[in-house]
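User: I'm new to this one and would like to learn how to read its features. Could you walk me through a few of them?

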Amino acid sequence: MQETTKISAAVSEITERISAACIRAGRNPDEVTLIAVSKTMPVEAIREAMACGLKEFGENKPQELRDKQAVIKEPLHWHMIGALQTNKLKYVVGKTVLIHSVDSLHLAEAIDEASEKRGIVSDILLEVNISGEASKHGIAPEKLEELLRELVHFSHIKVRGLMTVAPYTEQAEENRVYFKKMKQLMVDINSKNIDNIAMDVLSMGMTGDFEVAVEEGATLVRVGTGIFGHRVYPHK
């Protein structure tokens, strides 16, 4: 019962902080959706978050998503936010509302093919390595338009927007520059009026910096530790 209280209190606090950040930026809080990043978390913790009214959950690993969906039958909105390999698409395509981590033509093409087989159109985000860190996944910003012009030929995926993972930092303010760049990148691309490309989703900001991300235009924030506490990863 104590843990439920912790998660409930955390969700309330984060929701309030998102609203406050929206007010500071002159935005409507309804424009921002909180995704609870439930990777490595047990089903019991997810159910506690569900009891707080959360319906959006983010997973990093396709097999973990599969295992959780086998147990949790409620109609949640699952997001795939981790790096994705084409041989794992069967666990993701048609099982998620949004794939955040598309970072290549090869992966986009595979998602399109898998979606066509299922008779659906999959919503995706293109992951951008806005900071240029070698350790980060994502497309270089200067390659984004070129990729988008290739994706207009696919009829079973829809690019809804962009996603980024900003650098880890103790000072959230340090990431403002990257969030500003992401917002401007989306504005610039939309201004080019590329066929079938009209992006309105910006997935950025995590536990340590989501307020700054909201102030700079995030529509989706991905918060894990801030809701569930620190993860204990199993030894390999």
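User: Let's start with charges and rings. Which residue lies over the face of tyrosine 91?

Analyst: Keep in mind that this is a predicted model. To call a charge "over" a ring, you look for the CZ of an Arg or the NZ of a Lys within 6 Å of the ring centre. Here that residue is arginine 66, sitting 4.8 Å from the centre of the tyrosine 91 ring.

User: What about rings with rings? How many aromatic pairs are there?

Analyst: Centres within 6.5 Å make a pair, and planes between the stacked and edge-to-face ranges count as tilted. The count here is one aromatic pair. Phenylalanine 57 and tryptophan 78 have ring centres 5.9 Å apart and planes at 45 degrees, so this pair is tilted. Phenylalanine 57 belongs to strand β2 and tryptophan 78 to strand β3, so the pair ties together parts 21 residues apart in sequence.

User: Are those two buried or exposed?

Analyst: Buried means under 20% relative accessible area. Phenylalanine 57 is buried at 0%, and tryptophan 78 counts as buried too, at 4%.

User: Now a helix. Which residues of α3 are buried, and where do they sit around the axis?

Analyst: The trick is to list the buried residues, then look down the axis. In α3, residues 62–71, they are Pro62, Glu64, Leu65, Lys68 and Gln69. They fall within an arc of 155 degrees, so they line one face of the helix. Their packing partners are α2, β2 and β3.

User: How do I check the length of α4?

Analyst: Compare the expected span with the distance between the end C-alpha atoms. Helix α4 has 14 residues (105–118), and at 1.5 Å a residue it should span 20 Å; its end C-alpha atoms are 20 Å apart, which agrees. Its buried residues include Leu107, Ile111 and Ser115, and the buried residues of α4 pack against β4, β5, α5 and β6. Just after α4, glycine 119 takes a positive phi of about 70 degrees.

User: Last one: how many disulfides are there, and why is cysteine 22 not bonded to cysteine 52?

Analyst: For a disulfide, two cysteine sulfurs must lie within 2.5 Å. This structure has zero. The closest cysteine sulfur to that of cysteine 22 is in cysteine 52, 20 Å away, which is too far for a bond. As for their surroundings, cysteine 22 is buried, with a relative accessible area of 0%, while cysteine 52 counts as partly exposed at 29%.

Key: Residues are numbered from 1 along each chain as its sequence is written. This is a predicted model: local features need pLDDT of at least 70, side-chain atom pairs count only at pLDDT 80 or more; totals for chains, interfaces and linings use all residues. Side-chain values use heavy atoms; hydrogens and water are left out. Buried means under 20% relative accessible area, exposed over 50%, partly exposed in between (1.4 Å probe, protein chains only). Helices (H or I, at least four residues) and strands (E, at least two) are DSSP runs, numbered from the N terminus. The arc is that of the directions from the helix axis to the C-beta atoms. Contact means heavy atoms within 4.5 Å. The expected span of a helix is 1.5 Å times one less than its number of residues. Rings of Phe, Tyr and Trp (its six-membered ring) pair if their centres lie within 6.5 Å; planes under 30 degrees apart count as stacked, over 60 as edge-to-face and the rest as tilted. A charge sits over a ring if NZ of Lys or CZ of Arg is within 6 Å of the ring centre and within 35 degrees of the ring normal.
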